[in-house]
Each structure stands twice: as C-alpha cells, then as structure tokens.
Amino acid sequence: MNPWFDSKKTTEEIAQELLGMLVVKETDAGIVSGWIVETEAYLGEIDQAAHSYKLKKTPRLNSMYQEAGTIYIYSMHTHHMLNLVVQAKGIPEAVLIRGIEPFEGLAIMEERRAQTGFAVTDGPGKLTKAMGIDKSDDGSSILVPPLIISQKERRYPQEVELSKRIGIPNKGKWTEAFLRYSVKGNPYVSKLKGTIEPDYGWEK
DNA sequence: ACGTCGATCTCCT
DNA sequence: GGAGATCGACGTA
C-alpha cells in the first residue's frame, strides 16, 4: 500500500509530487540517498515517446506492465535509467527520475562517478551510476529494499518548473508536451537553464 | 545472423 | 553546441 500510488492520481500529478521525495539505495558499500529534483512523465499507450507506446510488449518491457511501485530499469549507451511504474497493473505509464540532490553517502557517490560537484547526479545515467542502481533493481518494488523511496521524510519545492522532455525529437505533439518537472533553481537539474537559487529551490 | 537505433555522457571547440 | 563512444534489445530475414 502506498500513499500516492493507490490514489486516483494521474501520471503527470505523480511525476510532480515525486519532486522532493528521498530515494535510498542500500549496498555493501553503504547507504546512499538523494532528493528527487527532476522527473519526466511517460504516458504509455498514447505517448509516442514512451517505450510502451501502443502497448508494445517485449521481454525488456515486462516491468512496465506490473503494479504501481514497480521499478523499470532501461539501459542504453552503457547507462541505466531509473523509472517508476505508477498506475495499475497492465497500464504501462511511468515516471523517469532524471536528477537527484545527494543527501547521504556523498563520498561513495563521488567515488563511483569519479566526479565531484553537481555532475555527480545531475542526469539520469549519472545518478544511477552514483547510487549503484542497475539491471538487478528492475522488477523490484520501490517499497522494498535495497532501492526504496523513504516514507519518513521529504522536502518540498518552492516552485515547480515545467518543460519539454529531453531527448525526444520527431515525436510530434509528444515532443512539445510539457511533461518534464523540476525544482526551479536546483543545480542538480540536468541541463539547467536559469540561475541557481541560494537554497537550491527548496521550501524552508 | 545482422543492421539499426536510442528517455546519454564526455570531451572538445 | 556538436561529434564520437558504445552495446544490448529489437526487428527483419
């Protein structure tokens, strides 16, 4: 049972509400966690940009057709991307996590990335590498360790910014749709335009 | 069995 | 802002 998945919220609403929630991954190397600062909604059957467009079914997409809270990992160009399935079983709509602000385990993340600063987690492929998220997390539930969203604490954006999804060319109206959500002024938002807020865009 | 193509990242200019 | 890296999944045969 889940406070946001079991309600009748749209995938767009859930994508927005995920901003400020805490993603936690436990590995032998230690615990790492981070606040979600950027998401994208993928609307399944009708969405030309979604992998599950027209209810396509392949072995790789199996997780997309499972119940809300299932983790869907998509790998491409040697990178892994973290998605959350957010609707009832059989409705393949998902939210892509594109950026997180490190909270716990920063040193581990820096080591995995061989980077420091915002570049550690300011992109979908970067944050999975930093947090040690890979194919082994695919199909698992976000309510069960080792990869969870904390139900205990969260933050809230001062302002949510909407924009077009990244890397979706030639998909007609779906290229133009404002289905990307980010914490305005947070430096861990990928390809950030505009200025960094002193408090990184969070409510106090 | 093979050709194509990314929901990306890095490095360079 | 753009090219190249790089590889597994998928479609076609």
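These legends accompany a set of close-up views of a predicted model of a protein with DNA.

**View 1. The surface around DNA strand B.**
Welcome to the protein's contacts with DNA strand B, which is surrounded by 18 residues. The closest of them are His51, Met76, Asn83, Arg113 and Gly125. Of the atoms of DNA strand B that come within 4 Å of the protein, 53% belong to sugar and phosphate. To find your way around, look for strand E3 (71–76), E4, E5 and helix H3 (124–131), each of which supplies at least two residues of this surface. Sorted by class, the surface near DNA strand B has eight nonpolar, seven polar and three charged residues.

**View 2. Polar contacts with DNA strand B.**
Which part of DNA strand B does the side chain of Asn83 approach with an N or O atom? The partner is a base nitrogen, and the distance is 2.4 Å. Tyr74 offers a contact to the phosphate instead: a polar atom of its side chain lies 3.5 Å from a phosphate oxygen of DNA strand B. Pro124 takes part through its backbone, where a polar atom is 3.4 Å from a phosphate oxygen of this strand.

**View 3. The surface around DNA strand C.**
Here the view moves to DNA strand C, with Lys56, Thr58, Pro59, Arg60, His77 and Thr78 around it. Sugar and phosphate make up 73% of the atoms of DNA strand C that come within 4 Å of the protein. The nearby residues comprise one nonpolar, three polar and two charged. Thr58 places a polar side-chain atom 2.2 Å from a phosphate oxygen of DNA strand C. Arg60 uses a polar backbone atom, found 3.5 Å from a phosphate oxygen of the strand.

**View 4. Helix H3 and its surroundings.**
Is helix H3 largely enclosed or largely open to the outside? H3 is largely enclosed by the rest of the structure, because six of its eight residues are buried. You can pick these out as Pro124, Gly125, Leu127, Thr128, Ala130 and Met131. They pack against strand E1 (21–27), E2, E4, E5 and helix H2 (106–113). Pro124 will be familiar from the view of DNA strand B, where its backbone comes 3.4 Å from a phosphate oxygen. Follow the chain just past H3 and you reach Gly132, which takes a positive phi of about 75°.

**View 5. A salt-bridge network with Arg98 and Glu40.**
What links Glu38, Glu40, Arg98 and Arg180? These four residues are joined in a network of salt bridges. Within this group, the side chains of Arg98 and Glu40 meet with an N to O distance of 3.6 Å. Arg98 lies in strand E5 and Glu40 in strand E2 (residues 30–42), so their pairing ties together parts that are 58 residues apart in sequence. Both partners are buried: Arg98 has a relative accessibility of 7%, and Glu40 has a relative accessible area of 0%.

**View 6. Two further salt bridges, with partly exposed partners.**
The whole structure holds 11 salt bridges, and two more of them are shown here. As a general reminder, side chains of opposite charge can pair when their charged atoms come close. Glu17 and Lys9 form one such bridge, with their closest N and O atoms 3.1 Å apart. Glu17 is partly exposed at 29% relative accessible area, and Lys9 is partly exposed at 25%. In the other bridge, the side chains of Lys184 and Glu159 meet at 3.7 Å, N to O. This pair links distant parts of the chain, 25 residues apart: Lys184 is in the segment after strand E8 (180–183), and Glu159 is in the loop between strand E6 (147–154) and strand E7 (160–163). Lys184 counts as partly exposed at 33% relative accessibility, as does Glu159 at 44%.

**View 7. Glu93, a buried residue without a salt bridge.**
Where does Glu93 sit? Look in the loop between strand E4 (79–85) and strand E5 (94–104). Glu93 is buried yet has no salt bridge. Its nearest side chain of opposite charge, Arg165, is 9.8 Å away. Leaving out residues up to four places away in sequence, Glu93 touches Thr11, Tyr42, Leu43, Gly44, Leu84, Val85, Val86 and Gln87.

Methods: Residues are numbered from 1 along each chain as its sequence is written. Chains are lettered from A and ligands numbered from 1 in the order in which they are written. This is a predicted model: local features need pLDDT of at least 70, side-chain atom pairs count only at pLDDT 80 or more; totals for chains, interfaces and linings use all residues. Side-chain values use heavy atoms; hydrogens and water are left out. Helices (H or I, at least four residues) and strands (E, at least two) are DSSP runs, numbered from the N terminus. Buried means under 20% relative accessible area, exposed over 50%, partly exposed in between (1.4 Å probe, protein chains only). Lys and Arg count as positive and Asp and Glu as negative; His and the chain ends are not counted. Contact means heavy atoms within 4.5 Å. A residue is near a molecule or strand if one of its heavy atoms lies within 4 Å of it. A polar contact is a pair of N or O atoms within 3.5 Å; within protein, one must be able to donate a hydrogen and the other to accept it, and residues adjacent in sequence count only if both atoms are side-chain atoms. Ala, Val, Leu, Ile, Met, Phe, Trp, Tyr, Cys and Pro count as nonpolar, Asp, Glu, Lys and Arg as charged, and the others, Gly among them, as polar.
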